Amino acid sequence: MSPAPVSAAPPQRVAWIDRARGVALLAMIVYHFSFDLALFGVVRWDVGGAPHWRGFAILIAASFIALSGLSLALSARGGIRWRAFLRRLALLVAAAAAVTVGTWFAMGTPVTFGILHAIALFSVLALPFLRTPPWVPAVVAVVVFLVPFAVQSEALSALWLYPLGLDPTPIPSFDYEPLFPWFAAMLAGIAAAPYLPTPRSPVAPDLLARMGRHSLAIYLLHQPILFGLLLGARQLALL
């Protein structure tokens, strides 16, 4: 009689990180839907320029980048799993390219260094900090955050230097998270990783956790869906 098959252990996740990413996704959807409503003339909100809306957008982007740094640090405990890292990096690069092409065709103004571009580049730049004491990424994060306040020059306005964020008159973009100061958020996530509770458990079934586990797909699909719904409503004379 053959022994009963041994069931595979359920995948392990840090539930609160998945939920935090889910909350950031909900906030992003609220922001983008508000932007779309203003774009369609349904509301008169200055979503792109008002300080409180700008602060909301900054908080959302910083949350995503910091959570990426935290997740990167956790995944590297015991050694970097290069195959998984490179697979994730390839997905990010492909998704970032899709965003650039899609916004070029849809808006006429391409997103050339948005949050996906930033997370892809920052993930590579963060590698040396995964094996340093936490105070190292913390100190570098402060420096990275402060650099744009001290260094702004037309000499840094070349197109290939656009990801640095040190051009005083950068190309307008709907989404722009350059190295300075946004890399500070990823470094902060890495620095915080040793001090945060990270118990692993089977995947949480609630909506926020599910959203957090599929954040890239939701990021890529939510705007076309929202835009399509508003276009459909306009065609039906509902707007």
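**Reading helices and rings**

Helix α6 is mostly covered, with eleven of its 14 residues buried. This is a predicted model, and a visitor has some questions about it.

Visitor: Which residues of α6 are buried?

Guide: They are L179, F180, W182, F183, A184, A185, M186, L187, G189, I190 and A191. These buried residues pack against α2, α4 (115–125) and α5.

Visitor: How do you know that the span of helix α6 agrees with its number of residues?

Guide: Helix α6 runs over residues 179–192, and at 1.5 Å a residue its 14 residues should span 20 Å. The end C-alpha atoms are 19 Å apart, so the two values agree.

Visitor: What makes Y31 and F56 an aromatic pair, and why is the pair called edge-to-face?

Guide: The count comes to eleven aromatic pairs. For Y31 and F56, the ring centres are 6.3 Å apart, and the cut-off is within 6.5 Å, so they pair. Their planes are at 65°; over 60 counts as edge-to-face, so that is the name. The pair also links distant parts of the chain, with Y31 in helix α1 (residues 15–39) and F56 in helix α2 (residues 51–75), 25 residues apart.

Visitor: Why is Y31 called buried but F56 partly exposed?

Guide: Y31 has a relative accessible area of 14%, and buried means under 20%, so the word fits. F56 has 26%, which lies between the 20% and 50% limits, so F56 is partly exposed. Y31 and F56 also belong to one aromatic cluster with W45 and W53.

Visitor: Why is the pair of F145 and F149 called tilted?

Guide: Their planes are 55° apart, with 5.7 Å centre to centre. Stacked needs under 30 degrees and edge-to-face needs over 60, so this pair is tilted. F145 and F149 are four residues apart in helix α5, which means they are separated by about one helical turn.

Visitor: What makes F149 exposed and F145 partly exposed?

Guide: F149 has a relative accessible area of 65%, and exposed means over 50%, so F149 qualifies. F145 has 43%, between the two limits, so F145 is partly exposed.

Visitor: How do you know that V142 is open enough for a nonpolar surface patch?

Guide: V142, found in helix α5 (residues 135–150), is partly exposed with a relative accessible area of 48%. Patch residues need over 30%, so V142 passes that cut-off. V142, F145, L146 and F149 make a patch of about 440 Å².

Note on methods: Residues numbered from 1 in each chain as written. Predicted model: local features only at pLDDT ≥ 70, side-chain atom pairs only at ≥ 80, totals over all residues. Heavy atoms only, no water. Patch = residues over 30% accessible without salt bridge, like charges linked within 9 Å, V, L, I, M, F, W, Y side chains within 5 Å. Areas by Shrake-Rupley, 256 points an atom, 1.4 Å probe, with all protein chains shown as cover. Salt bridge = Lys/Arg side-chain N within 4 Å of Asp/Glu carboxyl O. Helix = DSSP H or I, 4+ residues; strand = E, 2+ residues; numbered from the N terminus. Buried < 20%, exposed > 50% of the residue type's maximum accessible area, 1.4 Å probe, protein only. Phe/Tyr/Trp six-rings, centres within 6.5 Å; stacked < 30°, edge-to-face > 60°. Expected span 1.5 Å × (residues − 1). Contact = heavy atoms within 4.5 Å.
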